[in-house]
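Thanks for coming. I'll take the pocket first and the helix packing after that. Have a look at the structure before I go on.

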Amino acid sequence: MWLAIIDELVKTPMKFSISDRAHLLNDVFSLADSNQVPYKLALDMTKYLRQETEFVPWYVAATKLQDLQGMLMFTDSYMEYLRYGRD
């Protein structure tokens, strides 16, 4: 189900309301934080952000990505995370 939502969000993000987009980001990252879904799924959802123009979804994404950066800072995955961020 998450893959279908992400696919639709990447294709036509404005099909979802601003609050839906923000809540979807928050939900998928919260599920990843609790090991219920892989972080790859959450990061895949952020691919749509290239098309995002509203503050609230960006605020949610930035907050969640900043938290993830803090968790990865002293790990072997940190450089990979930085590459992801540059993309």
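Let me begin with what lines the largest pocket: nine nonpolar residues, five polar and six charged. Keep in mind that this is a predicted model. The space in that pocket comes to about 640 Å³. Its lining has 20 residues, and those closest to the centre are Leu-43, Thr-46, Tyr-81, Tyr-84 and Gly-85.

Where does the lining come from? Three elements give two or more residues: helix H3, which is 39-45, helix H4, 55-72, and helix H5, 78-86. H4 gives the largest share, six residues.

Now the packing. In general, a pair of packed helices is described by the angle between the axes and the distance between them. I have three pairs to show.

The first pair is H4 and H5, both of which also line the pocket. Their axes come within 9 Å and cross at roughly 155 degrees. The cut-off for antiparallel is over 145 degrees, so H4 is roughly antiparallel to H5. The crossing of these two is left-handed. On the H4 side, the contact uses Leu-65, Gln-66, Leu-68, Gln-69 and Leu-72; on the H5 side, Tyr-78, Tyr-81, Leu-82 and Tyr-84. How many of these are charged? There are no charged residues in the contact of H4 with H5, against seven nonpolar and two polar. Tyr-81 and Tyr-84 you have heard before, among the residues closest to the pocket centre.

The second pair is H2 and H4. Here the axes come within 8 Å, with a crossing angle of roughly 15 degrees. Angles under 35 degrees count as roughly parallel, and H2 and H4 are therefore roughly parallel to each other. This crossing is left-handed. From H2 the contact takes Ile-18, Arg-21, Ala-22, Leu-25, Asn-26, Phe-29, Ser-30 and Asp-33. Facing them in H4 are Val-56, Pro-57, Val-60, Ala-61, Lys-64, Leu-65, Leu-68 and Met-71. By class, that is 11 nonpolar, two polar and three charged. Leu-65 and Leu-68 of H4 meet H2 here, and they are also in the contact with H5.

The last pair is H1, residues 2-11, and H2, residues 18-33; their axes come within 12 Å and cross at roughly 140 degrees. That angle makes H1 oblique to H2. H1 passes H2 in a left-handed crossing. H1 puts Trp-2, Ile-5 and Leu-9 into the contact, and H2 puts in Arg-21, Leu-24, Asp-27, Val-28 and Leu-31. Six of these residues are nonpolar, none is polar and two are charged. Arg-21 of H2 touches H1 here, and Arg-21 also meets H4.

To sum up: H4 packs against H2, H4 also packs against H5, and H4 gives the largest share of the pocket lining.

Terms used: Residues numbered from 1 in each chain as written. Predicted model: local features only at pLDDT ≥ 70, side-chain atom pairs only at ≥ 80, totals over all residues. Heavy atoms only, no water. 1 Å grid on protein atoms, 1.4 Å probe; cavity = no way out; pocket = protein on both sides within 12 Å on 5 of 7 lines; lining within 4 Å. Points joined across faces, edges and corners; volume = space filled by probe spheres on them. Helix = DSSP H or I, 4+ residues; strand = E, 2+ residues; numbered from the N terminus. Nonpolar A, V, L, I, M, F, W, Y, C, P; charged D, E, K, R; others polar. Axes fitted to C-alpha atoms, helices over the stretch in contact; angles between N-to-C directions. Parallel < 35°, antiparallel > 145°, perpendicular 65-115°, else oblique. Left-handed = near helix turned anticlockwise from the far one by under 90°. Contact = heavy atoms within 4.5 Å.
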